[in-house]
Every structure is written in structure tokens, then in C-alpha cells.
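User: I would like to go through this structure step by step, beginning with the empty space inside it. Could you take my questions in turn?

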Amino acid sequence: MSPLLNPRLWIIGLGIVILPLDSSVNVAFPFIAQAFDLPASALRLVVVTYILSAMTLLLIAGRMGDIWGYRRIFRLGLAISVAALLLNAAAPSYEFLLAARIGQGIGVALTLSCAPALVIGLFPDADRGKAIGAYAMIFAGSMAVGPIIGGWVIETWDWRAVFWYRAPLAAAALIGSVFIAERPAGKSRRFDVAGAILLGSAMALIFTSLNSIAASGATAAIAGAAGAGTFVYFIRHQLKSEAPLIDLGYFASWRFSGLTVSNVLLNLAAFSVMMVVPFYLGRAAGMDGGTIGYVLAAYAGGVAITAWTAGQLLGAPGGEDDVAPRLMRLSALMIGGGLWLVSQLGSGNSLWAVAGCIGIVGAGLGLYQATFLYMVTGTLPPEDRGVAGSLAEMTRTMGNVSAATLMFEVFRTRRAADGFDAGFASTYTLAAGIAFVVLAVMLLAPIFHRRK
């Protein structure tokens with residue numbers, strides 16, 4: 001039976017879509033600025049507070065699920081999300097809104113960290129690839145329709161609707177989750193509190209550093225150095241801990257480490273589409289916000305289609321040993337090729353050409369994300385699948401955050417020096433180069449060709 005026919009998968013799906021549907025909030029930025037009499041630049045904090053709280057807690061929340069049960073942590077995240085979304089919608093001030101966004105990030109981290117493990121647990125291990133493909137398709141499909149839904153609810157009600165319309169979805173998943181079997185608690189119920197504090201602090205400082213590059217080089221350098229130092233101390237603590245958040249021995253495998261780094265780099269390269277292409281569409285093609293949203297949906301649509309396709313292929317016999325490495329190489333080729341095509345776009349290209357180029361990038365990313373999640377959940381033992389799913393999401397988010405800062409900074413700098421067209425082309429030539437370097441390593445390094 002196809003995983004898509006399992007109603008419990010859709011219950012979990014209702015819970016996870018609250019994250020990708022947050023793309024609705026981007027559409028509401030002008031209205032939020034007007035409501036609180038803010039400059040457009042201040043709206044950056046609406047994104048920063050949310051992503052910072054979520055990324056800081058992801059791996060920690062995954063370990064909580066491994067110890068105390070995935071359904072329990074998933075349901076806790078949903079309950080927090082319902083409350084946070086309603087508080088966002090009712091925010092009487094900008095400061096209140098930011099505080100509620102932090103709560104929303106905490107809820108999402110708890111929910112998303114355990115969702116992959118719950119989905120995999122619904123099916124026999126032979127269907128793990130198909131289950132992961134279905135999960136990734138639901139996630140990406142929701143990201144594609146987020147801006148469209150956002151525009152509709154704002155037009156029908158107001159900007160507050162981009163928050164409250166998701167609360168019933170999370171509540172329905174919370175109620176329906178009673179039908180999902182709970183995994184027995186892990187053998188060890190000890191939780192590394194010190195490790196969690198160190199990891200959370202390191203991630204917060206590193207994210208702050210990346211986010212401060214454009215505004216203050218000194219702040220970025222100080223936060224980056226502090227984050228790196230804290231992360232080194234976290235590693236030392238984990239090596240000595242009797243109950244670490246994650247067994248660092250996995251990273252002794254060049255294959256596992258290589259997969260993790262490639263997940264960051266390919267997401268960094270691909271997500272640049274969502275950061276810079278909107279400027280091209282608004283300037284060169286002269287589109288309004290609604291049309292831009294529809295064109296950008298081709299990116300997430302490509303992710304959704306190929307993620308499901310990858311799941312079907314990975315579910316075949318020999319998926320991990322034979323199909324997975326081939327899909328990874330194909331995905332890097334598609335991402336790099338699509339980004340190179342984006343770099344060649346000029347002012348005279350049609351909407352279909354733009355959508356086609358970014359759709360290729362999204363399709364390559366969909367293949368990679370499903371394959372990476374399949375391989376990392378297969379590498380770590382079943383009792384660590386909360387950490388495995390969290391690691392996949394955390395490294396994906398790190399790539400997206402890096403694209404939002406580093407790649408956008410490349411575009412801003414080159415545009416100021418050489419003009420819009422040269423800056424746009426340079427940005428995507430660099431992004432394509434990153435993907436092609438990853439492809440070259442995949443082709444040459446034996447660690448990507450064998451299981452061990």
C-alpha cells in the first residue's frame with residue numbers, strides 16, 4: 001500500500017506543514033510594518049527570532065524524542081505551536097509579536113524533530129524510502145502554496161490571518177495524534193542538560209554571526225568566534241559525556257561527515273533562488289508580488305515532485321547501496337545545472353523560462369533531500385532516529401540561513417560594484433560552482449560509492 005493512503009501519515013503531515021506554510025508570513029511583511037509603524041528593515045527580526053529559536057533547539061528536541069518518546073515530544077510541540085500562532089495573531093505590539101515568534105520556533109523544533117521518526121515508524125523498514133518520499137513531498141508542497149494562501153487570507157481578512165489559519169491545522173494534528181502508536185522510551189532516560197545548553201548557545205551565536213555580517217562586521221566576528229569556541233567546548237563535553245546528545249563517533253565516518261557537509265552546501269546553493277530571484281522578477285520582468293509568488297512556487301513544486309519520486313526509487317531493492325549514490329550525484333548535477341541556467345537569465349526571458357530554470361534547481365534539491373534523509377536514518381540506529389531527523393533538518397536550515405546571508409551579501413556587493421545584471425550573474429555562477437564542486441567530490445570520493 002502506498003504511504004500516501006495511510007491516514008496517520010496525513011495526521012503527522014498536518015503537524016509538519018505549519019513550518020513550510022510560514023512562507024505565508026513573507027507576504028504579510030508590508031502589512032505588519034504598516035500596523036506597527038515600522039521601517040521595512042525591522043521586519044527582518046520576524047524571521048530571525050523564529051529561525052534562531054527553531055534551529056537552536058532542533059537537535060536537542062530530537063534527543064528528547066529518542067529518550068522520552070517521539071509522539072510525546074511531537075504533541076508538546078503542537079500544543080506550543082497552537083498557542084504561539086494564536087498569540088502571534090493577537091499581538092498588540094511588535095515586541096509581543098517577536099516574543100510569540102520565539103515560542104513558535106520552539107514549537108516547530110519540537111514537532112519537526114520527531115516527525116520523520118514517527119513517519120518511518122508507521123511502515124515496515126522495507127518501505128522507509130517511500131515513507132520519506134511522501135513526507136518530503138508533503139513538506140515541499142506546503143511550502144509551494146504558502147505564499148498563495150498568505151495572499152488570499154490577507155485579502156479576505158488581514159495580516160493576522162497568516163498566523164491563526166495554521167492553528168486549526170496544528171490542533172487537528174494534536175487531536176489526531178492519539179491514533180499514532182508511541183515508541184517505548186529509550187533504554188537511557190538521562191538527558192545531557194549541559195550539552196544541550198552548550199549546543200544551543202553555540203548555534204545561537206553562529207546564527208547571530210551569520211545574520212550580522214551585512215550590518216556589523218565586528219559583531220559578526222565576535223559572535224562567530226564565541227560560537228566557534230562554544231561549539232569546540234560542546235564537542236569536548238560530548239566526548240566525555242556518558243549520555244551525549246549525539247554520538248560523535250558517527251562523524252568519524254568520512255561518508256557520514258561528507259553527507260552532512262554536502263547537505264549544508266547544496267541547500268546553501270539551491271536556496272539562493274528564493275533570496276535573489278525575486279529581485280530579478282521584480283526588476284527585469286516587472287512582475288507584481290502575486291505573480292512572483294506563483295513563479296517561485298515552481299521551485300518548491302520541483303522539490304515536492306522529485307522527493308516523492310526519490311522515495312519510490314529508494315524503496316526498491318538495493319536502494320541504499322546502488323540507487324541512493326546515483327540519486328545524490330544526479331541531484332547535485334541538476335542543482336548546479338539549474339543554477340547555471342539561472343545565471344544566464346536576461347531581461348527578455350519569459351515567465352516559463354524562469355520557472356523552468358528554478359524548477360530544475362528545486363527538482364534536484366528534492367532528490368537530494370529525500371535521499372539524504374533516507375541515508376542518515378539508515379546510518380544511525382533506530383533508537384537515534386530523533387537525532388537523525390533533527391540533524392537533517394538542522395543542516396538544511398543552516399544551508400538556508402547561509403544562503404540568506406552569504407549569497408545575498410555576494411549579490412548586494414557585486415550589484416553595487418558592477419550593476420544588477422553582473423551581480424545577478426555572479427551570484428548564480430558562484431552558487432552553481434558550489435553545487436558542481438559537491439558533484440565532483442561525489443564522483444571522485446569512494447565514500448559516496450559504498451555503504452561503509
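User: Which residues lie nearest the centre of the largest cavity?

Analyst: This is a predicted model, and its largest cavity holds about 320 Å³ of space. The lining of this cavity is made up of 23 residues, and the elements that give two or more residues to it are α5, α6 (128–156), α11, α12 (289–314), α14 and α15. Those nearest the centre of the cavity are Tyr-135, Phe-139, Gln-369, Glu-393 and Arg-396.

User: Which element gives the largest share of the lining of the largest cavity?

Analyst: By class, this lining divides into 16 nonpolar, five polar and two charged residues. The largest share of the lining amounts to six residues, and the element that gives them is α6.

User: How many charged residues are in the lining of the second largest cavity?

Analyst: The second largest cavity holds about 50 Å³ of space, and among the residues that line it are Met-143, Pro-147, Met-274 and Tyr-299. Two elements, α6 and α12, each give two or more residues to this lining, with the largest share, five residues, coming from α12. Sorted by class, the lining has eight nonpolar residues and one polar residue, while the number of charged residues is zero.

User: Is Val-119 buried or exposed?

Analyst: Val-119 sits in helix α5, which covers residues 94–121, and among the residues it touches beyond four places away in sequence are Leu-9, Ile-12 and Tyr-135. A residue counts as buried when its relative accessible area is under 20%. Because the relative accessibility of Val-119 is 1%, this residue is buried.

User: Which helix gives the most residues to the largest nonpolar core?

Analyst: The largest nonpolar core has 141 residues, and those with the most contacts inside it include Ile-12, Val-277, Leu-339 and Tyr-428. The helix that gives the most to this core does so with 14 residues, and it is the one spanning residues 351–379, helix α14.

User: How many disulfides does a search of the whole structure find?

Analyst: A disulfide would need a pair of cysteine sulfur atoms within 2.5 Å. Cys-114 counts as buried because its relative accessibility is 0%, and Cys-357 is also buried, with a relative accessible area of 10%. Across the whole structure, the number of disulfides found is zero.

Conventions
Residues are numbered from 1 along each chain as its sequence is written. This is a predicted model: local features need pLDDT of at least 70, side-chain atom pairs count only at pLDDT 80 or more; totals for chains, interfaces and linings use all residues. Side-chain values use heavy atoms; hydrogens and water are left out. A nonpolar core is a set of buried Ala, Val, Leu, Ile, Met, Phe, Trp, Tyr and Cys residues joined through side-chain atoms within 4.5 Å. Buried means under 20% relative accessible area, exposed over 50%, partly exposed in between (1.4 Å probe, protein chains only). Helices (H or I, at least four residues) and strands (E, at least two) are DSSP runs, numbered from the N terminus. Contact means heavy atoms within 4.5 Å. On a 1 Å grid over the protein atoms alone, a cavity is a set of points where a 1.4 Å probe fits but cannot get out, and a pocket is an open set with protein on both sides within 12 Å along at least five of seven lines; lining residues have an atom within 4 Å of a point. Grid points are joined across faces, edges and corners, and a volume is the space filled by probe spheres set on the points. Ala, Val, Leu, Ile, Met, Phe, Trp, Tyr, Cys and Pro count as nonpolar, Asp, Glu, Lys and Arg as charged, and the others, Gly among them, as polar.
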